[in-house]
Amino acid sequence: YMPSAMPSSMPTDTCKLSIVNSECSEVEHVNIGHFGNDISVGSGTGVDGYDNNVLKNSNGNVYVDLDPDRFHILVEWPAMNKDSESVEKIIVELGTDLDVKHEIECQETGQDTGMFKSESQLLTTTDLSEVLEEKQDDKFATYSVFSGGKVADEGLNDRTHAANIDSEITARVKTRIECKSSMPVCGRDRRIVKVRVTVLKKPGGGNVVMANEVTKQIERAT
């Protein structure tokens, strides 16, 4: 979804940065993502497999684009509409208090609009114990249409950002740092869930599930 391609009505020297959902509506907080659309057959995540321990993202419709908690950065800055006959880009620095800020591109929503929108972005869990570095949620090399290929962690147009429920996300225009926005992660009311885990053998016998695997899943969920 793209906002109207009509030129911005803001004063030329004004810059406004917003964090928006997939419908381009401003949000008050951002949730940690599902890592997909939760309905794909087989995986339940919208992920299409691995290639040498790296996600196979062969086009622009990857798990980030399917996730219900994806978000975008939208910048309205008429002064950066320097060429009325081309679609231009600006650079935004995006990150959380647990993940270093890195640069993403925001592309003009059409010729002569002065409005710039990022690709969809996703918050992920922090690194988990006993999981290979390249398989951590925030370390996946995710496909970027703007870059034309998979992007390594913290590279230009990296689309995943590690966070926890106490984190804050911040975005700012690189060349105009006062044009920024910050908001909490998971801003809803907090609840306590008590969990009692019983580890059972597989039906018909077999090995008991390793305790560290159970711990890993609890850690991921919390």
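Of the 222 residues in the protein chain, 41% come out as buried. Keep in mind that this is a predicted model, and every value here is computed from it.

Let's start with the overall fold. The protein chain's secondary structure adds up to 2 helices and 13 strands. As for how the chain meets itself, take the contacts between residues at least 6 apart in sequence: 66% of them join residues at least 24 apart. On the outside, the protein chain exposes about 12,400 Å², and 49% of that area is supplied by carbon and sulfur atoms.

Now for the backbone, where a couple of loop residues deserve a look. Go to the loop between β1 (16–20) and β2 (50–51), and there you'll find Cys24. Its phi is near 65°, which is a positive value in a residue other than glycine. Is Cys24 buried or exposed? The relative accessibility of Cys24 is 16%, and the cut-off for buried is under 20%, so Cys24 counts as buried.

Further along the chain, head for the loop between β6 (99–108) and β7 (115–118), where Asp112 lies. Asp112 isn't a glycine either, although it has a positive phi of about 65°. What about its accessibility? Asp112 has a relative accessible area of 30%. Partly exposed covers the range between under 20% (buried) and over 50% (exposed), so Asp112 is partly exposed.

Put side by side, then, these are two loop residues with positive phi: Cys24 is buried, whereas Asp112 is partly exposed.

Note on methods: Residues numbered from 1 in each chain as written. Predicted model: local features only at pLDDT ≥ 70, side-chain atom pairs only at ≥ 80, totals over all residues. Heavy atoms only, no water. Helix = DSSP H or I, 4+ residues; strand = E, 2+ residues; numbered from the N terminus. Buried < 20%, exposed > 50% of the residue type's maximum accessible area, 1.4 Å probe, protein only. Contact = heavy atoms within 4.5 Å. Areas by Shrake-Rupley, 256 points an atom, 1.4 Å probe, with all protein chains shown as cover.
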